[in-house]
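Here is a friendly walk through one protein model. Take a moment to look at the sequence and the 3D view before reading on.

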Amino acid sequence: MKGVLRLGRVAGIKIEVHWTFTLILVWVVFLDIQAGGNAKSSLLNVAFILVLFFCVVLHELGHALTAKKFNIQTQKITLLPIGGVALLDKMPEDPKQELLVALAGPAVNIVIALFLSVVIPLKSYFELQPDEIEPLLSIISFQNFLFYIFIANIMLVVFNLIPAFPMDGGRVLRALLAFKLPRVRATNIAAKVGQVFAVIFFMLGLLYNPFLVLIALFIFIGAYAENRMVQQISILKGHRVEEAMLTNITLIKPENSIQEVVDILLAGSEKDFVVVADEKIVGILNHKDIIKHAVDRSLLVKNIMQRSFKTIEATLEITELFNIINRGRKNFFPVTSNQKLVGAIDRSNIGEFVLIQTNLVSKRS
Ligand code: ZN
């Protein structure tokens, strides 16, 4: 993702924050000043957001480190204004493992809340009359600060356990259903439940709070995407890269000029190319690099080709290739069989293959 600030690594997982996150800090300061705040209260609000997002990082680490126990790596955790995202290589398909990975995030917030409930005298807050609580909470104190963090962690647990994708609760529901049902069917039901929640939130949002409308859209799209992905993976199961790959590919030589490549690009439908010298793959030429350098006619392919590339075995399962694509930034792969180049594959090939298979499956049933 572009525009991110790297904060560091924890257990090999990159922690990044997206630049839009700073908007939320500007926004809380703006709200505070509008409400008649001063430098001290503004600083406190900023500190609150930072501590809250620290709790979100711990939540995501809960997912990531539990997944690691099941040999699933996490590339990075990104903080966005709407929360954190842990980019796991995949979700475990075993329902018991998925349940544990999904619950591990909210469990972290429960632990934080429990810890805070020991540190701060919660009783003194909950025993107050409603009209007494407001003046107390408006006092700027360390204890109040911790109380807000406590409440925020409880809210994180409640919000994340809404049984709708892409929330953790959606995964919990799917995992529970998958103990009894096939995973595709379980996902389908969980996605439908999620969409019902989305509709309810949407209507409540229209009546009371526009923020709920946003959450509703977020859930609706999340449910759709998750359902689609799982259906696709189930369709692709057992199929190998050689069934979907492009075999009719134009080979490029390192000494070819950019002009020659541009001509090939315009004449056909290939977008990325494999560069070959002495029958060996020496690089790949990406569509965006060709476009970027198309004006510079003096360049040769070897000047702009990417020398770091990954080759894929023709017999690899397409679902495995999916995981490889999700893990890295690469999108186009030369395919080999017995160390000889036999074709190439990219995302749109897989997409096309999915469409054809979907049609075959629906015709059969
Ligand atoms: Zn979570």
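In this predicted model, the site of the zinc ion is irregular, with angles of 55 to 151 degrees among its 4 donor atoms. Donors here are N, O and S atoms within 2.8 Å of the metal (3.2 Å for Na, K and Ca), and sites may look incomplete because water is not among the atoms. Four donors count as tetrahedral if all angles lie between 85 and 135 degrees; four count as square planar and six as octahedral if opposite donors are over 155 degrees apart and all others between 65 and 115, and anything else is irregular. For orientation, ideal angles are 109.5 degrees for four tetrahedral donors.

Which residues hold these donors? They are His-59 (NE2), His-63 (NE2) and Asp-168, which is listed with OD twice, and they lie 2.1 to 2.6 Å from the zinc ion. Along the chain the donors follow the spacing H-x3-H-x104-D. Both His-59 and His-63 belong to helix α2 (residues 39-69), where they sit 4 residues apart, about one turn of the helix. An α-helix has 3.6 residues a turn, so residues three or four places apart point the same way. His-59 is buried at 3% relative accessibility, and His-63 is buried as well, at 7%. Buried means under 20% relative accessible area, exposed over 50%, and partly exposed in between (1.4 Å probe, protein chains only).

A word on conventions: residues are numbered from 1 along each chain as its sequence is written, and side-chain values use heavy atoms, leaving out hydrogens and water. Local features need pLDDT of at least 70 and side-chain atom pairs count only at pLDDT 80 or more, while totals for chains, interfaces and linings use all residues.

Now turn to the sheet. Four strands form an open sheet in the order β1-β2-β3-β4, with mixed pairing. At its edges stand β1 (4-10) and β4 (83-88), each with a single partner strand, so one side of each has no neighbour in the sheet. From one strand to the next, the twist averages 20 degrees; axes are lines fitted to C-alpha atoms, for helices over the stretch in contact, and angles run from 0 to 180 degrees between N-to-C directions. Strands pair if DSSP finds at least two bridges between them. Two of the pairings are set out here.

| Strands | Sense | Bridges |
|---|---|---|
| β1 and β2 | antiparallel | 6 bridges |
| β2 and β3 | parallel | 4 bridges |

β1 and β2 form a hairpin with 2 residues between them, and Ala-11 in the turn has a positive phi of about 50 degrees. Arg-6 stands opposite Glu-16 in β2. On the way to β3, Val-17 has Leu-79 as its bridge partner, and Ile-15 has Ile-77. Strand β2 is largely enclosed by the rest of the structure, because 5 of its 6 residues are buried.

Helix α14 (residues 318-327) is also largely enclosed, since 7 of its 10 residues are buried; among them are Phe-322 and Asn-323.

Finally, the whole chain. It has 15 helices and 10 strands, counted as DSSP runs numbered from the N terminus (helices H or I, at least four residues; strands E, at least two). Buried residues make up 43% of its 365 residues. An automatic or database assignment sets the domain bounds: domain 1 (1-161), domain 2 (165-236) and domain 3 (241-364). The C-alpha centres of domain 2 and domain 3 are 34 Å apart.
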